[in-house]
Structures are given as structure tokens and as C-alpha cells.
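Colleague: I would like a close look at a single part of this protein, with each term explained as you go.

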Amino acid sequence: MTVTKIFYHTDFENHIPTLNNPECANRTKNIMGLIQKENFPNIAIEEPEKIKKELIYAAHDKDFVDATINKFPENDEIYYLDQETPVSSGSKDATLRAAGAGIDAINSIIDGKSKNAFCIVRPPGHHACINKSMGFCVFNNVAIAAYYLINKYDYSNIAIVDFDVHHGNGTQDIFYNNKNVTYYSTHQYPLYPGTGDVDEVGCGNIFNIPLVSGTSSASYQKIFQEKIIEQLEIQQPDFLIISAGFDAHKDDPLANINLSNEDFVILTKKLKIIADKYCNGKILSMLEGGYDISALENAMIGHISGLQE
Ligand SMILES: [Zn+2]
């Protein structure tokens with residue numbers, strides 16, 4: 001059986017391809033070539049379909065979804081869904097395929113066609129709230145995927161682990177009162193978007209782990225073990241979703257946490273052990289942030305190698 005399925009589509013390169021924005025098309029442009037070069041033994045590559053609108057409604061307000069889909073420009077203009085969320089004419093297909101990747105990946109995993117999946121998507125999703133696009137994120141890809149697991153496959157004990165350097169305020173917003181999902185986030189704090197304090201606990205299902213600027217690799221690994229891995233051992237989730245942002249890398253220009261490429265391999269392996277123990281290996285990972293291109297590419301390769309083992 002294929003261990004890891006990679007979901008990618010060249011449509012992702014047409015989401016704001018020209019604007020000088022940190023969340024740029026070059027982030028994922030070379031990644032498929034780099035993956036091919038690695039000759040990973042157990043991967044398959046697939047192009048995701050565009051998601052059906054009805055599946056987005058599960059995580060977002062219906063009127064917001066309909067209005068947003070009508071806001072994508074059809075000419076070469078840039079439209080700002082919020083101050084940090086520009087979209088271009090290619091963004092509609094990219095957005096629908098980014099969310100669709102999570103759906104296709106779940107179907108692949110549930111059907112036993114792969115153990116886990118990594119969706120290398122743009123735009124990212126974890127800042128997108130119930131009724132608001134923000135912070136480079138249009139719709140919340142991981143939240144839509146989690147709702148698909150709940151509604152289609154009756155899952156009720158899902159873990160979402162978010163190691164992006166920013167707090168996934170959108171994911172927290174969507175699941176704040178939903179015990180079917182437990183959300184774990186490490187993030188530099190204070191930093192954009194300003195949420196993610198330890199006292200934001202939802203219905204006991206939100207675990208925020210704020211990190212001070214300058215946190216070292218060794219401190220991060222200790223915190224990740226004690227606050228996330230040990231809590232996952234208590235939760236014993238039956239499906240693991242990763243909001244895989246790589247902007248806690250030491251070279252990232254948007255934050256100041258000092259992880260190396262090797263750290264992302266270690267985090268991934270630790271999460272894989274949890275998934276093997278409680279989820280029959282089932283992991284859906286979706287790309288969030290990461291803005292130093294070379295650091296991001298290397299960290300993604302490390303993440304895939306961790307998922308493969
Ligand atoms: Zn981020």
C-alpha cells in the first residue's frame with residue numbers, strides 16, 4: 001500500500017501569481033520536482049478535484065461562502081478579501097482545489113489507498129474563521145476536512161495539531177464548542193493574529209501553547225512533547241490532522257522561533273507514532289505557512305520523509 005499520497009495541482013501557482021506577497025506562488029512551484037528527486041519509496045501523487053460548495057458550508061457560514069465565491073475577480077485585478085488576503089482570477093480554482101485536496105485525501109485514506117496524505121496547497125486555511133477570510137486564508141482547509149470526517153464518516157474524536165508559528169484562530173473559532181475535535185496549537189505569542197492565549201480553552205477541547213519570541217529548538221521540542229504529545233496520549237484520537245505550517249523555521253522572515261529542518265522531521269515522526277498507536281496510522285496533513293522558500297522546501301521534504309517511516 002502507498003504510505004503517503006501527495007496532493008498537488010498547478011492551479012495553486014495561479015493564486016496571486018504576480019503580487020509581491022509573502023504567501024507567493026514560488027512557495028510551492030519547485031516542490032514537486034524536489035519530491036521526485038528524493039525517490040521516496042512509498043509515495044503516490046494525485047491532483048485534487050475542486051470541492052463542492054456544500055462541503056464548505058459544514059465549516060463556514062453559508063452566506064459568507066456564497067459571497068466570497070462571488071468576489072474572486074475574473075480579470076487581471078487583485079481583490080482584497082481582507083487586508084492580508086488578496087485574490088486574483090486564478091484564486092477561485094486554487095481555493096476550491098485546496099479545500100478539495102483535504103476531501104480527496106480523506107477518501108483515499110478511508111478507502112485504504114494510502115496510510116496518510118500531505119496536501120501541498122495554496123491558499124492556506126487556518127486563519128479563516130466561520131464567517132471571515134483573513135491572513136492569506138480564504139476557507140479553512142483543515143476544518144472543512146474535519147467536518148467531512150464527522151459528517152460523512154461519523155468520526156467524533158479527531159485531533160488537529162497546528163505547528164504553524166501563528167495561532168490558527170480560524171480553526172479555534174470553528175471548533176470552539178465542538179467536542180468532536182480537539183485543537184492543539186504552538187505559536188509565537190504575541191504575534192499575528194493576536195489570539196491563542198492559554199485561557200482560550202473552548203469546551204475543554206482547545207490547547208493553546210504560546211511561545212516567546214526566540215524560543216530555541218530544544219525548548220520547543222520539550223514543550224511539544226509535554227504539552228502536545230502527552231495530551232494526545234490522553235485524548236487517544238481516532239484521526240490525526242496536521243496544520244503543517246513551516247514558519248517556525250529559524251530562517252522564516254515572519255516570526256522568530258528557531259526550528260531547523262531536522263526539527264520538523266522529529267515533530268512529524270512523533271505525530272506518526274501517535275497516529276500508528278491510536279488512528280491506525282491515519283494522518284491528513286495540509287500545508288499552512290512557511291515564507292522562506294528554501295527553508296519551506298527543505299522542511300516539506302523532511303515532513304514527507306517523517307510521514308513515510
Ligand atoms: Zn503562519
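Before that, what percentage of the 309 residues in the protein is buried? After that, please take me through the packing of helix α2 and helix α10.

Modeller: This is a predicted model, in which local features need pLDDT of at least 70 and side-chain atom pairs count only at pLDDT 80 or more, while totals for chains, interfaces and linings use all residues. Residues are numbered from 1 along each chain as its sequence is written. Buried residues make up 52% of the 309 residues, where buried means that 20 or more other C-beta atoms, placed from the backbone, lie within 10 Å of the residue's own. The protein has ten helices and ten strands, which are DSSP runs (H or I with at least four residues for helices, E with at least two for strands) numbered from the N terminus.

Turning to the pair, helix α2 covers residues 31-38 and helix α10 covers residues 293-308, and they pack at an angle of about 45° with their axes 10 Å apart; the axes are lines fitted to C-alpha atoms over the stretch in contact, and angles run from 0 to 180 degrees between N-to-C directions. That angle makes α2 oblique to α10, because angles under 35 degrees count as roughly parallel, over 145 as roughly antiparallel, 65 to 115 as roughly perpendicular and the rest as oblique.

In α2, Ile 31, Leu 34, Ile 35 and Glu 38 meet Glu 297, Met 300, Ile 301 and Ile 304 of α10, a contact being C-beta atoms, placed from the backbone, within 7 Å. These residues divide into six nonpolar, no polar and two charged, where Ala, Val, Leu, Ile, Met, Phe, Trp, Tyr, Cys and Pro count as nonpolar, Asp, Glu, Lys and Arg as charged, and the others, Gly among them, as polar.

Conventions:
Contact = placed C-beta atoms within 7 Å. Buried ≥ 20, exposed ≤ 12 C-beta atoms within 10 Å, placed from the backbone.
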